[in-house]
Amino acid sequence: MTDSHLKYVLVTPARNEEAFIELTIESMVRQTVRPLRWVIVSDGSTDRTDEIVSKYAARHDWIDFVRMPERQVRDFAGKVYSFNAGYGRVKQLDYEIIGNLDADITFEPGYCEFLLGKFAERPGLGVAGTPFVENFDKPDKHSYAGTNANLNHVSGACQTFRRKCFEDIGGYLPIKGGGIDWMAVTTARMKGWQTRTFLEKICYHHRKMGTAERSPLMARFRHGQEDYYVGGHPLWQILKGMAQMREKPLVGGGLFLILGYFYGLIIRMERPVSAELMAFYRKEQTARFSQLWRLARNKTRRPPA
């Protein structure tokens, strides 16, 4: 790393990732700008994850391996506890950027340098990332490809934070049901930081989101529950579900997204977000709805060519 780049560190919680973690490590080894430290935390893995990571940690002094004890209950809070174990290993280092990197993604050699450049260009940028692609044959098909995509959100596959922003939001909160990445990004905006997904680069996600232990339809149902307990507006959820009915699994995916939300509403799932954050989020949704409505009306009013 040269002095012209912002210094950065990475933390990767990994649980039973033997199928893909070596691909992720090889992507990092090939980076044009490497981190000061990359802490890979095995979250009680019972497969070959520890063996694979230990092999690379012995070769590269910037890779640090931490082993967490096995746990009987699998939930999203465990990922935060693992991240915090890695975070504790880098807190005393002199760096400007900290990233949370999934153990099953790959990217081109200039990926990290690209993100560092965005932070250098924008002093107010608190959280940055890129789209992730799950269909490798269609790299331009991702959730940010449409004209109505919310580029202020940053997906959790690779979230990079300015250190001051990460400290301002209090880091990741250990929420058992999920929504951890969303809460971090939304809280950053609430506190005045810019958050942005940049479309010039992509990363490849090798395991479909939310399908580690459930089918694609049940993954959508679970995402719908998350949308409820982070405070999303019911009207917005219906529109979101209708839009996703055009994606695979056709119709069913969007329907299960809506059903998951209203199931959470019916059983009154406990919401882990503060009233302040929920109000901020709904205000953002209302503003986006108004913007999309104006765009739709303008399109219908255009005279024929």
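## A guided tour of the predicted model

In this predicted model, colour the charged side chains before anything else: the protein chain carries 44 positive and 34 negative charges, and the mean positions of the two sets lie 9 Å apart.

**The whole chain.** Zoom out next, so that the full protein chain is in view. Along the principal axes its C-alpha atoms fill a box of roughly 60 × 45 × 40 Å. The radius of gyration is 20 Å, which agrees with the value near 19 Å that a compact globule of 305 residues would have. If you switch to a cartoon, you can step through 10 helices and 10 strands. With a surface display turned on, the accessible area comes to about 15,400 Å², and carbon and sulfur atoms account for 54% of that area. Of the 305 residues, 47% count as buried. Among the contacts between residues at least 6 apart in sequence, 80% join residues that are at least 24 apart.

**Strand 8.** Select residues 158–162, which form strand 8, and ask how many of its residues are buried. The count is 5 of 5, and the strand is accordingly described as mostly covered. Showing the side chains, you will find Cys158, Thr160 and Arg162 pointing one way, while Gln159 and Phe161 point the other way. This is the pattern to look for, because side chains in a regular strand alternate between the two faces of the sheet.

**The partners of strand 8.** Add residues 97–101, which make up strand 4; this strand runs antiparallel to strand 8 and is joined to it by 5 bridges. One pair to pick out is Ile98, whose bridge partner in strand 8 is Phe161. Then add strand 6, residues 125–129, which is also antiparallel to strand 8 and is joined to it by 2 bridges. Here the residue to click on is Ala128, for which the bridge partner in strand 8 is Thr160.

**An open sheet of 3 strands.** Move on to strands 5, 10 and 7, which lie in the order 5-10-7 and form an open sheet with mixed pairing. Strand 5 (105–106) and strand 7 (132–133) stand at the edges with a single partner strand each, so one side of each has no neighbour in the sheet. Strand 10, residues 203–205, pairs with strand 5 in the antiparallel sense over 2 bridges. To see this pairing at the level of residues, select Ile105 together with His205, its bridge partner in strand 10.

**Ile169.** Now go to the loop between helix 5 (163–168) and helix 6 (180–190), where Ile169 is found. Is this residue, Ile169, buried or exposed? Ile169 has a relative accessible area of 11%, and because buried means under 20%, Ile169 counts as buried. Leaving aside neighbours within four places in sequence, the residues in contact with Ile169 are Phe161, Ala184, Thr187, Ala188 and Lys191. Draw a C-alpha to C-alpha distance from Ile169 to Ala188, and you should read 6.1 Å for two residues that are 19 apart in sequence. Phe161 in this contact list is the residue already met as the bridge partner of Ile98.

**Leu255.** For the last stop, select helix 9, residues 252–267, and within it Leu255. At 37% relative accessibility, Leu255 counts as partly exposed, whereas Ile169 at the previous stop is buried. A final distance to draw is the one from Leu255 to Met242: the two are 13 residues apart along the chain, and their C-alpha atoms are separated by 7.4 Å.

Definitions and conventions. Residues are numbered from 1 along each chain as its sequence is written. This is a predicted model: local features need pLDDT of at least 70, side-chain atom pairs count only at pLDDT 80 or more; totals for chains, interfaces and linings use all residues. Side-chain values use heavy atoms; hydrogens and water are left out. Helices (H or I, at least four residues) and strands (E, at least two) are DSSP runs, numbered from the N terminus. The radius of gyration is taken over C-alpha atoms; the globule rule is 2.2 Å times the number of residues to the power 0.38. Buried means under 20% relative accessible area, exposed over 50%, partly exposed in between (1.4 Å probe, protein chains only). Contact means heavy atoms within 4.5 Å. Accessible areas come from the Shrake-Rupley method with a 1.4 Å probe; for residues, only the protein chains shown count as cover. Lys and Arg count as positive and Asp and Glu as negative; His and the chain ends are not counted. The place of a charge is taken as NZ of Lys, CZ of Arg, CG of Asp or CD of Glu. Two strands pair if DSSP finds at least two bridges between them.
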